[in-house]
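Good morning, colleagues. Please look at the sequence and the structure on the screen before I begin.

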Amino acid sequence: MSDQNSNGLDRRAFVKSAAFGAAALSVGATGVLGTAAKAQAAGPAGYQHTQNFSVVTIGTGNPIPDKNRASACTMIQFNGHYYLLDTGNGSNDVLAENGFAYRNINAIFYTHLHADHMTDFVDLMINRWMTGGKEMQIIGPPRSGAYYNFMIDFFADDLTYRQYRGYARGVSEVGMFKGIDVRELTGSNRFELDGMRIRTEPLTHTMYNLGYRFEANGKSIVVSGDTSYDPTLIELAKDADVLVIDANIVAAAAKKGTEEQAFTDDSIKKPKPKYEFAGNFDVAPHMGIDEVAKTATAANVKTVVLTHLPPAPFNMAAIKPYFEQAGFKGRVIEGRDGLEINP
Ligand SMILES: [Zn+2]
């Protein structure tokens, strides 16, 4: 699979024309899922990786509704297991459309706790659990655990009912009520998970944001989450094979008279965050495309994948000059939902 959008259907139309994934899952929730239906629940054809370490852009849009792009979600595939970075609106559907079996999700990482990076969490967790997912990790900034706890509390009777109905096919507390290891991170961290080396660094955003670097097989994949221009990202992404980067502003950085002006105009009274580690409301939320090009060039990455894109048609011809001007020597790729990139 390289690009589901090349079938000529928009993302939502594709969901409708191949809706058996979602239908099979709703059957699964009632506990009568047969073997054939189980295979369908994994997705249309069942995804097969060609290399055992890759990155798939699952949701490449920004918060504005877009029939072609789900909101933020990026997937690291390692040895056939999936590690989701963020779970934005629509990402649950894109996983099914592309044949990624929910039960193979070993971890969900959050870059930050903005809604457009999170709201498919409940659907994903239930689908994973109902299709055989057991122990897993949830890793993210402070208060990531509160989101999990909210789900367990608010949907308590829904979840208990599903467990009861799923008993005959092996659904237990594990995968929802038990076996979920939640780790909240701040600052610089280095750890291993399932044989991958992982590093996190905080990056500048209006919400506390962690950038992630994954290393395996001598290759490296970096995911920025949302960030304004930040030299720490250059250091985190140094010589990486793939950098999946927030390119929300596909024009040069903030100009006067735009929405971005709110972040530089001192006459506007700024609200204060309610929670600790909420980020910084005073900074620009994203880079301009000139700053994206500058970051990729300074980091010397081989491939840069643009994501968090606005609904307007993507125009690579308008973007390339920024990378040429920066002296970028690598590949520039437009992130699309379901696109796999092998490092
Ligand atoms: Zn954000």
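Of the contacts in the protein chain with a separation of 6 or more, what percentage is accounted for by residues 24 or more positions apart? The figure is 69%. I should say at once that this is a predicted model, and every value I quote is computed from it. The protein chain is built from 10 helices and 14 strands. It has 343 residues, and 53% of them are buried.

Let me turn to the metal site. Which residues serve as the protein donors of the zinc ion? They are His 112 through NE2, His 114 through ND1, His 205 through NE2 and Asp 226 through OD, at 2.2 to 2.3 Å from the ion. Along the chain, these donors follow the spacing H-x1-H-x90-H-x20-D. His 112 sits in the loop between β4 (105-109) and α5 (121-130), while Asp 226 sits in the loop between β10 (219-223) and α8 (231-236), so this pair ties together parts that are 114 residues apart in sequence. Both His 112 and Asp 226 are buried.

Why is the arrangement of the donors called irregular? The four donor atoms subtend angles of 90 to 170° around the zinc ion. A tetrahedral assignment would require all angles to lie between 85 and 135 degrees, and because the range at this zinc ion extends to 170°, the arrangement is irregular. For reference, the ideal angle for four tetrahedral donors is 109.5 degrees. One caution applies here: water is not among the atoms, so sites may look incomplete.

His 114 merits a separate remark. This residue also lies in the loop between β4 and α5. Is His 114 buried, partly exposed or exposed? Its relative accessibility is 23%, so His 114 counts as partly exposed. Leaving aside residues up to four places away in sequence, His 114 touches His 205, Thr 206 and Met 207. From C-alpha to C-alpha, His 114 and Asp 226 are 9.5 Å apart in space, although 112 residues separate them in sequence.

The helix that follows this loop is α5, and it is mostly covered, with nine of its 10 residues buried. Among the buried residues of α5 are Phe 121, Leu 124, Arg 128 and Trp 129. After α5 comes Gly 132, which has a positive phi, near 105°.

I now come to the empty spaces. How many cavities of 30 Å³ or more are there? The count comes to two, and the largest cavity holds about 120 Å³ of space. It is lined by 18 residues, of which Ala 72, Thr 74, His 117, Gly 225 and Thr 307 are the closest to its centre. Two elements, β2 (73-78) and β11 (242-246), each give two or more residues to that lining. The largest share, three residues, comes from β11. By class, the lining of the largest cavity has six nonpolar, nine polar and three charged residues.

The second largest pocket offers about 240 Å³ of space. Its lining has 16 residues, and those nearest its centre are Leu 113, Pro 142, Arg 143, Met 207 and Tyr 275. What classes of residue make up the lining of this second largest pocket? There are 13 nonpolar and three charged residues, and no polar ones.

Next, a residue in helix α9 (residues 289-299), namely Val 292. Val 292 has a relative accessible area of 0%, and is therefore buried. Not counting residues up to four places away in sequence, it touches Ile 245, Asp 246, Ala 247, Met 287, Leu 306 and Phe 323. Val 292 also lies 9.3 Å from Val 250, C-alpha to C-alpha, with their positions 42 residues apart in sequence.

Finally, I wish to set two aspartates side by side. Asp 86 has a positive phi, near 75°, in a residue other than glycine, and Asp 194 likewise has a positive phi, near 55°. Asp 86 is in the loop between β3 (81-85) and α4 (91-97), whereas Asp 194 is in the loop between β7 (189-193) and β8 (196-203). Asp 86 is buried, with a relative accessible area of 3%. Asp 194 is partly exposed, with a relative accessible area of 44%.

Thank you for your attention.

Definitions and conventions: Residues numbered from 1 in each chain as written. Predicted model: local features only at pLDDT ≥ 70, side-chain atom pairs only at ≥ 80, totals over all residues. Heavy atoms only, no water. Donors = N, O, S within 2.8 Å, 3.2 Å for Na, K, Ca; no water. Tetrahedral: all angles 85-135°; square planar, octahedral: opposite > 155°, others 65-115°. Helix = DSSP H or I, 4+ residues; strand = E, 2+ residues; numbered from the N terminus. Buried < 20%, exposed > 50% of the residue type's maximum accessible area, 1.4 Å probe, protein only. 1 Å grid on protein atoms, 1.4 Å probe; cavity = no way out; pocket = protein on both sides within 12 Å on 5 of 7 lines; lining within 4 Å. Points joined across faces, edges and corners; volume = space filled by probe spheres on them. Nonpolar A, V, L, I, M, F, W, Y, C, P; charged D, E, K, R; others polar. Contact = heavy atoms within 4.5 Å.
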